[in-house]
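Here are some short exercises to help you find your way around a new structure. Have a go at each one before you read its solution.

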Amino acid sequence: DSSLWRSAHKNRINMAFKGEDHLDSLSLPVQRMHLMQVDSVQRWMEDLRLMTDCECMCILQSKPISTERDEQNELILSSQPSTCDHLQLLLKRAWIISTELSRIAQKLEKSRWQRVHSMTVRVNCHVHSMINEYNTFTRGSSQEMHQLEKLLIDKCSEFTAFTERCLQTEDEEILKSMKSCVNETLTTVAQYFGQLIELVLTQEAQKLLRQIELSGSLYITESAVSGLFSLAQEGAQLCRIIAKEGGVVALFKICRQDCFRCLYPQTLRTLASICCVEEGMHQLEKVDGILCLADILTDTSHSEATHAEAAAVIAQITSPHLTFTQHLSSFLENMEEIVTALVKLCQEASSGEVFLLASAALANITFFDTMACEILLQLNAMKILLAACSDKHIVDTPYSRDQVVTILANMSVLDQCASEIIQGNGVQLLMEMLCEKSSSGNAAEAAACERVQQKSAVTLARLSRDPEVAEAAVKLSCIPRLIKLCRSPTERNNSDSVLVACLAALRRLAVMDPDGLEDSDFQQLVKPRLVDSFLLCTNMEESFV
């Protein structure tokens with residue numbers, strides 16, 4: 001279903017394009033659980049039952065309400081979510097415990113013993129609740145799991161008793177000597193807790209991968225892939241676990257079986273998430289994943305959705321901001337086929353989402369290897385991209401324009417690009433991009449607009465070494481626009497990178513048309529060293545009293 005497919009893009013796009021040159025503004029600076037990204041009132045409502053359970057545990061000392069086994073199970077299951085949601089409940093508990101442990105460390109630093117003890121009791125109850133809830137839905141836990149659970153429970157009990165003794169001690173010297181022991185116990189609790197959570201998540205990943213490996217059922221495989229995708233959305237650590245347990249190998253195995261063709265989009269989407277970590281990339285290389293992606297992209301019998309998801313994986317693994325792409329030697333062997341398929345996907349894209357994924361992959365590839373720019377030139381990619389920008393249904397966001405102008409900027413180092421720009425009315429497009437502004441006021445969109453302005457100025461500066469391009473830019477009033485961006489911080493959203501790019505472009509155009517500048521502009525923006533002009537422009541809004 002195309003509507004369901006489109007709605008699934010939000011989280012994946014955030015992961016696929018990171019860094020200053022791409023959709024970095026859509027991703028969080030620190031990987032956090034998705035439950036951090038909701039309204040605070042909604043978050044409180046979700047946590048209320050967990051906190052209530054905690055208070056009940058304090059009172060009942062973890063004893064069941066009913067002594068009869070059947071009634072106890074009925075009570076627990078009626079108040080808990082279904083089995084498919086148990087992992088989300090576990091992650092919520094884990095987040096609460098992790099937060100509480102951090103707060104205990106802060107209160108301990110300030111020697112607020114009353115708060116330390118009450119929070120320690122709360123952590124103890126949450127740990128019991130988490131283990132009981134997980135074991136309710138999990139049958140036959142491993143011996144290692146039971147050992148870790150016992151270690152954690154025992155250490156939490158010891159921690160609670162320790163802080164209670166501190167609470168009853170009034171001698172400051174004794175409390176100071178006990179603080180280091182409390183700190184050591186807190187560290188041990190956090191260590192056991194981290195090991196337990198990692199083991200639980202590893203076992204969950206192993207169960208899902210076992211289902212994929214052993215089942216030939218379409219329904220079971222789809223359910224398992226969906227479970228892996230949900231796990232991968234919880235952050236880089238989960239992606240590392242999945243990759244180490246063979247997740248990338250299992251998913252590419254699905255992508256090589258025709259009987260699972262309908263699952264290709266979902267499977268590729270999961271691969272794009274997992275390959276944000278180095279372990280995922282290494283596994284992709286080992287199973288000839290690049291070759292598989294090239295085959296999918298060049299196979300015209302696949303759906304547009306499948307091609308788009310394959311493009312998303314390419315965009316992820318070629319991100320210029322990942323430090324572990326050097327080993328992708330097989331990518332160079334298949335680059336021409338992949339680039340050709342991506343250009344075709346851009347040309348035939350039926351929606352803005354598809355174009356965004358394909359163009360982002362191309363933009364990343366132009367950073368990955370300079371030969372890609374020459375291939376794009378041979379494929380008339382510039383003409384295709386410029387034509388796409390005139391279709392507001394396809395290039396409909398600053399994020400898409402960011403990808404296009406990134407490709408133009410990287411291709412503009414080639415001398416042959418100047419004539420392509422002139423023929424495709426590209427200077428007019430660059431002028432429009434210099435005027436890019438956020439319509440929503442959204443911070444992510446505003447950052448994307450900054451990148452569009454910066455890269456359009458960079459492209460203009462590079463191409464203006466050609467007299468014909470420079471003349472076209474002057475006729476389209478690019479000089480006044482560049483001056484405005486330099487002199488008005490609000491026009492460039494106070495971006496220093498936009499300012500530097502505009503100063504460079506202005507100086508290049510001023511050589512071609514010195515009469516186009518007023519004397520004050522020339523004296524302040526062109527004649528001095530670039531760093532002096534930069535400092536002048538950045539200080540224009542300051543006043544000293």
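Before we start, you need one definition: a helix axis is a line fitted to C-alpha atoms over the stretch in contact, and angles between axes run from 0 to 180 degrees between N-to-C directions. Keep in mind, too, that this is a predicted model.

**Exercise 1.** Work out how many helices and strands the protein chain has, and what share of its residues is buried.

*Solution.* Start with the secondary structure: the count comes to 28 helices and zero strands. Next, look at burial: of the 545 residues in the chain, 51% are buried. Finally, check the contacts with a separation of 6 or more: 75% of them join residues 24 or more positions apart.

**Exercise 2.** Describe how helix 16 and helix 18 pack, and say which residues make the contact.

*Solution.* First, find the two helices: helix 16 covers residues 329–348 and helix 18 covers residues 371–378. Their axes are 10 Å apart, at an angle of about 50°. That angle falls outside the parallel, antiparallel and perpendicular ranges, so helix 16 is oblique to helix 18. As for handedness, helix 16 passes helix 18 in a right-handed crossing. Now pick out the residues: helix 16 brings M335, E336, V339 and V343, while helix 18 brings M371, A372, I375 and L376. Sort them by type and you get seven nonpolar, no polar and one charged.

**Exercise 3.** Explain why C259 is not bonded to C262, then decide whether C259 and C449 are buried or exposed.

*Solution.* Recall that a disulfide is a covalent bond between the sulfur atoms of two cysteines. The cut-off here is a pair of sulfur atoms within 2.5 Å. The cysteine sulfur closest to that of C259 is in C262, 8.8 Å away, which is too far for a bond. Search the whole structure and you find zero disulfides. On to accessibility: C259, at 55%, counts as exposed, whereas C449, at 4%, counts as buried.

**Exercise 4.** Place N410 and E198 in their helices and list their contacts, leaving aside neighbours within four places in sequence.

*Solution.* Take N410 first: this residue is in helix 20 (residues 398–411). Its relative accessible area is 15%; that is under 20%, so N410 is buried. Its contacts are A363, T366, F367, C373 and R462.

Now E198, which lies in helix 8 (residues 172–214). With 35% relative accessibility, E198 counts as partly exposed. E198 is in contact with Q237, I241 and K244. One last check: E198 and L238 are 40 residues apart along the chain, and their C-alpha atoms are separated by 8.5 Å.

Methods
Residues are numbered from 1 along each chain as its sequence is written. This is a predicted model: local features need pLDDT of at least 70, side-chain atom pairs count only at pLDDT 80 or more; totals for chains, interfaces and linings use all residues. Side-chain values use heavy atoms; hydrogens and water are left out. Angles under 35 degrees count as roughly parallel, over 145 as roughly antiparallel, 65 to 115 as roughly perpendicular and the rest as oblique. A crossing is left-handed if the near helix is turned anticlockwise from the far one by less than a right angle, and right-handed if clockwise. Contact means heavy atoms within 4.5 Å. Ala, Val, Leu, Ile, Met, Phe, Trp, Tyr, Cys and Pro count as nonpolar, Asp, Glu, Lys and Arg as charged, and the others, Gly among them, as polar. Buried means under 20% relative accessible area, exposed over 50%, partly exposed in between (1.4 Å probe, protein chains only).
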